[in-house]
Amino acid sequence: MSSDATAGAGADDALSETARQAAKRRTFAIISHPDAGKTTLTEKFLLYGGALSGGAGSVKAKGDRRGTASDWTELERQRGISVTSAVLQFGYRGCVLNLLDTPGHGDFSEDTYRVLSAVDAAVMVLDGAKGIEAQTRKLFEVCRNREIPIVTFINKWDRPARDPLELLDEIEDQLVLDPVPVTWPVGDGDRFSGVIDRRSNDFVRFERTAGGATAAAFEVVSAEQAAAVAGGDWHEAREAVELLDGAGAELDGKRFEAGELSPVFFGSALTNFGVQQLLEAIIAMAPSPSARADAHGDQRAVDSGFSAVVFKVQSNTDPAHRDSIAFLRVCSGRFERGMTVTCERTRKTLATKYAHTVLGRDRSTAEDAWPGDVIGLVNASALRVGDALHAAGEPVRWPAVPAFAPSSFRLARCRDTSKAKQFRSGVRQLDSEGVVQVLRRPEGGESSPILAAVGPLQFEVAEHRLRHEFGAPVELAPAPWTAARRTDEASADALRAMSGVTVTARDDGDLLALFESPYWLARLESDHPDLTLDRLIGEG
Ligand code: G4P
């Protein structure tokens with residue numbers, strides 16, 4: 001065999017290893033209305049995956065919930081909200097699961113959208129007593145925009161819950177998503193004893209564990225024995241399942257992957273009921289990392305050379321580590337710590353000596369990573385959300401990350417003129433992280449930018465960070481605008497001459513026209529169809 005042929009065989013081996021590693025991975029996020037149980041479910045995933053050191057004993061007690069692994073900045077702790085996106089990696093049955101944390105509040109939909117650009121599937125958690133809630137709907141719409149396959153987990157079934165058929169109707173009517181139960185609850189509240197697995201018709205009977213601190217044991221009881229064990233609840237559940245079978249509620253993998261159909265699981269994260277079934281479904285059903293379309297629409301295969309997308313840039317995540325982290329999802333190839341990668345936008349190379357995998361506040365050095373994995377590059381402050389990184393000679397550019405339609409606006413001004421420099425650099429940093437959108441008018445310049453957001457909580461985060469991280473006390477004054485549209489240079493001059501319209505520019509060069517009244521905007525659109533007034537995504 002010639003030396004050339006040997007080298008070729010080596011390269012083949014490396015390629016198939018990448019594909020093999022990608023096939024083992026599931027990268028997903030959880031979306032839910034606050035309080036539906038996302039944190040609890042996350043903890044239980046980690047418990048089942050053995051990622052919490054000390055196993056069961058380290059699952060946080062209720063009173064210490066603010067300190068859970070994915071809940072890490074001071075503001076989050078004060079407000080009890082999850083602002084930042086952490087990534088948790090854990091193993092389960094030979095697979096590697098990457099769970100990306102999304103903010104629970106719809107005000108952070110834009111952040112959620114970016115995180116969802118890095119996942120292959122999402123779990124939607126509903127409270128069984130409440131069903132679809134306001135933030136569920138908002139976050140679901142973000143998933144729909146990204147055509148992400150969704151697995152539904154109806155939680156808190158250990159408490160009195162609503163009629164499960166009614167909950168399915170609600171999902172179908174309100175989300176226009178076809179729910180297909182894979183499991184069906186037997187009893188609810190104190191009598192919740194297990195689920196019927198519709199694939200086998202077996203009764204999966206759970207055993208309670210003290211405080212849900214260890215994995216819930218379960219036994220699989222045949223349909224014949226189940227009636228004796230669960231009595232009336234079993235018969236009731238069987239009838240519902242027969243109804244579903246009759247209605248043809250069947251799983252269809254293609255429709256699931258297209259985001260049209262959602263497999264539904266019932267359970268209780270608190271008592272661990274159904275958590276294992278859900279995890280197994282994620283492994284069996286959620287797609288593993290696959291080829292990704294680049295900016296030209298060409299598919300980049302997972303076993304091409306290394307490439308990654310930046311989906312989050314975050315500074316000063318923890319007082320113990322005063323630095324900024326760019327989170328990347330590996331899209332293709334193998335990442336090895338220390339390799340030199342190129343940022344496609346700036347054409348600059350970056351050393352990756354300080355690459356980390358992050359588990360909430362704990363960091364460990366990432367030696368290598370495969371498609372679907374997330375790595376944090378420390379002190380990569382030149383990177384922006386949407387940036388493509390690639391190995392030398394393997395360039396790629398990803399489609400632009402679309403900006404969300406802002407609906408709240410504030411005029412920002414530094415209260416202390418001696419801190420003007422800190423204010424400017426703070427605003428630039430928040431802009432590059434996408435904490436808020438920063439819009440500028442010729443007359444406002446850097447000293448009086450307009451901050452634009454999907455929801456007002458984003459302003460609180462901006463104000464808090466400008467004050468505490470950059471030492472710039474800031475005044476955020478109410479602004480008159482209520483809607484924004486993307487425009488272009490050709491239309492901008494005409495718009496500038498009109499009253500009730502303000503043309504602003506973003507750092508990335510996009511021009512946004514702001515309107516004080518939606519009626520005025522509607523009238524302009526009908527009177528001047530020649531003007532470019534493009535809708536932004538997420539507009540209600
Ligand atoms: P979130 O991240 O979606 O906001 O929800 P989180 O997990 O923090 O859960 C919110 C509350 O709901 C918590 O109670 C949690 O223990 C409870 N919970 C979560 N899953 C279940 C479940 O399956 N069954 C029951 N019964 N409760 C569940 P908490 O922090 O003590 O607050 P609260 O009980 O005073 O509201």
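In this predicted model, Asp-368 is found in strand β21, which covers residues 368-369. With a relative accessibility of 31%, Asp-368 counts as partly exposed, because that category lies between the limits of 20% for buried and 50% for exposed residues.

Once its neighbours within four places in sequence are left aside, Asp-368 is in contact with Arg-334, Phe-335 and Glu-336. Of these contacts, the one with Arg-334 includes a polar contact between the two side chains, at 2.8 Å. Glu-336, for its part, is 32 residues away from Asp-368 in sequence, while the C-alpha atoms of Glu-336 and Asp-368 are 4.3 Å apart in space.

A second region to look at is strand β26, made up of residues 450-453, where Ile-450 and Ala-452 point one way and Leu-451 and Ala-453 point the other way, and where all of these residues are buried. Strand β26 pairs with β24 in the antiparallel sense, and β26 also pairs with β25 in the antiparallel sense. The table sets out these two pairings.

| Strand paired with β26 | Residues of that strand | Sense and bridges |
|---|---|---|
| β24 | residues 408-414 | antiparallel, four bridges |
| β25 | residues 437-440 | antiparallel, three bridges |

Individual residues can be followed across these pairings: Leu-451 in β26 is the bridge partner of Arg-410, whereas Ile-450 in β26 stands opposite Leu-439. Both Leu-451 and Ile-450 are buried, and they point in opposite directions from strand β26.

Key:
Residues numbered from 1 in each chain as written. Predicted model: local features only at pLDDT ≥ 70, side-chain atom pairs only at ≥ 80, totals over all residues. Heavy atoms only, no water. Helix = DSSP H or I, 4+ residues; strand = E, 2+ residues; numbered from the N terminus. Buried < 20%, exposed > 50% of the residue type's maximum accessible area, 1.4 Å probe, protein only. Contact = heavy atoms within 4.5 Å. Polar contact = N/O pair within 3.5 Å; in protein donor to acceptor, adjacent residues only side chain to side chain. Pairing = 2+ DSSP bridges.
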